[in-house]
Amino acid sequence: MPTTRRDLLKLAGAGAVGLGLRPALALAGETAETPARKATKPLRILILGGTGFTGPNQVRYALARGHKLTLFNRGRKPKEWPAPVEELVGDRNTGDLKALAGREWDACIDNPTSLPFWVRDAGQVLQGKVKQYVFISTLSVYASDKEPGQDETAPAAAYKGKDAMKETQETLRADIEGLYGPLKALSEKEAGKWFPGITTVIRPGLIVGRGDESDRFTYWPVRLGRGGDALAPGDGKDPVQFIDARDLAEWTIRMVEGLSLGVWNAMGPGSELTMGGMLDGIHGAIGSSARLVWASADFLEQQKVSPWGDMPVWIPATGDTAGANRRRNQKAVAAGLTFRPLAETVNDTVAWWKTLPPERQAKLRAGIAPEREAQVLEAWKSKKG
């Protein structure tokens with residue numbers, strides 16, 4: 001069975017408190033469910049990317065808060081925005097950032113970067129032109145998942161290649177296990193080099209919700225929606241951590257509004273949630289008739305049923321992954337990170353899933369295939385007698 005988060009990434013395909021000048025707390029009475037209120041001061045925000053999974057949520061929330069937005073990407077546009085948005089075209093793979101030259105913004109949010117040279121190139125153009133640089137990183141930067149309760153000060157993964165600045169998207173995809181975390185960690189350092197004293201690093205874990213094309217979380221409401229006996233991993237007691245893309249996006253904008261600097265683990269929920277609790281919550285939210293059949297981790301390993309890949313979200317809380325889903329998020333919560341109810345995330349994910357074409361719904365991109373699940377369930381029932 002895979003023993004590290006980087007192993008699990010391969011299966012999937014792929015600061016101290018008080019550094020901020022003003023706390024990025026949610027406004028009094030504001031929760032994940034309430035409509036966005038206008039910010040006290042409109043800001044000029046540059047978003048690198050903005051058309052993927054979390055980016056559009058940042059755009060919509062920032063517009064609702066009254067900010068002026070500029071997007072820089074290769075020209076992708078998912079839909080019409082609810083208010084005017086300036087859109088600049090370039091290509092960070094080829095170093096084409098000419099559209100950013102000579103411009104200034106209050107803040108830059110760098111969403112898609114996994115390569116240090118992307119940060120270097122952005123720094124060469126934007127240094128001295130932005131008052132805050134927000135780098136969206138990942139929990140995969142950490143060197144170890146063994147110890148539960150680690151915070152933002154835990155050691156980062158080391159890069160073992162020859163020249164990080166020569167790594168490309170192609171080399172990253174070829175060795176996602178060995179490169180993803182270390183290159184993200186080096187990208188964080190590069191951000192600090194080019195934007196000293198004005199950098200915010202946000203490290204989310206599994207990002208879920210409507211629009212998630214990975215299907216890692218989506219697998220569970222879709223599977224439980226089919227009914228019947230549903231294979232579930234372990235004994236239900238392993239912890240899980242994830243964050244709704246909207247909660248991450250909205251908090252990121254509030255961190256810009258508060259000019260909050262430093263490093264932050266950004267994942268939920270607010271208190272420990274187990275795999276059993278998550279599946280029970282999904283079961284109840286969709287009114288499922290499925291019966292969960294819990295199979296031990298040892299048995300699943302024998303059957304070559306992988307955590308994270310075949311059983312999405314789940315990472316066994318033992319051995320080298322004992323702390324994988326027990327990272328501390330108290331610093332971010334104290335800075336205003338809020339979480340919408342699990343049922344809201346589930347129901348919105350299901351509603352989005354149902355809008356997809358039939359051919360897309362026919363095959364989930366994560367989770368065990370139905371035929372294989374049936375075989376494993378039969379083997380488990382035979383074992384139990």
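**Close-up views of a predicted model**

**View 1. Surroundings of Tyr219 in the predicted model.** Leaving aside residues up to four places away in sequence, Tyr219 touches Met311, Pro312, Leu364, Ala366, Gly367, Ile368 and Glu373. Tyr219 belongs to helix α6, which spans residues 219–225, and has a relative accessible area of 1%, under the 20% limit below which a residue is counted as buried. One of the residues it touches, Gly367, lies 148 residues apart from Tyr219 along the chain, yet the C-alpha atoms of the two are separated by 6.1 Å.

**View 2. Helix α3 and the elements against which it packs.** Helix α3 comprises residues 116–126, and because 8 of its 11 residues are buried, the helix is largely enclosed by the rest of the structure. The buried positions are Pro116, Phe117, Trp118, Val119, Asp121, Ala122, Gly123 and Leu126. These buried residues pack against three strands, β1 (44–48), β4 (107–110) and β5 (133–136), and against two helices, α4 (169–174) and α5 (176–194). Just after α3, the backbone at Gly128 adopts a positive phi of about 80°.

**View 3. Strand β2 between its partners β1 and β3.** In strand β2, residues 68–73, 5 of the 6 residues are buried, so the strand is largely enclosed by the rest of the structure. Pairing of β2 with β1 is parallel and extends over 5 bridges, with Leu48 standing opposite Phe72 in β2. The pairing of β2 with strand β3, residues 86–89, is likewise in the parallel sense and involves 4 bridges; here Leu71 stands opposite Glu87 in β3. Helix α2, residues 55–64, joins β1 and β2 in a β-α-β unit that is right-handed.

**View 4. The open sheet β7-β9-β11 and helix α8 packed on it.** The sheet consists of 3 strands in the order β7-β9-β11, and its pairing is mixed. Its edge strands, β7 (207–208) and β11 (268–274), each pair on one side only. Strand β9, residues 239–244, runs antiparallel to β11, with 3 bridges between the two, and Phe242 stands opposite Gly268 in β11. Helix α8, which covers residues 275–286, packs on this sheet and touches both β9 and β11, the direction of the helix making about 100° with that of β11.

Methods
Residues numbered from 1 in each chain as written. Predicted model: local features only at pLDDT ≥ 70, side-chain atom pairs only at ≥ 80, totals over all residues. Heavy atoms only, no water. Buried < 20%, exposed > 50% of the residue type's maximum accessible area, 1.4 Å probe, protein only. Contact = heavy atoms within 4.5 Å. Pairing = 2+ DSSP bridges. Axes fitted to C-alpha atoms, helices over the stretch in contact; angles between N-to-C directions. Right-handed = clockwise from strand over helix to strand, strands pointing away.
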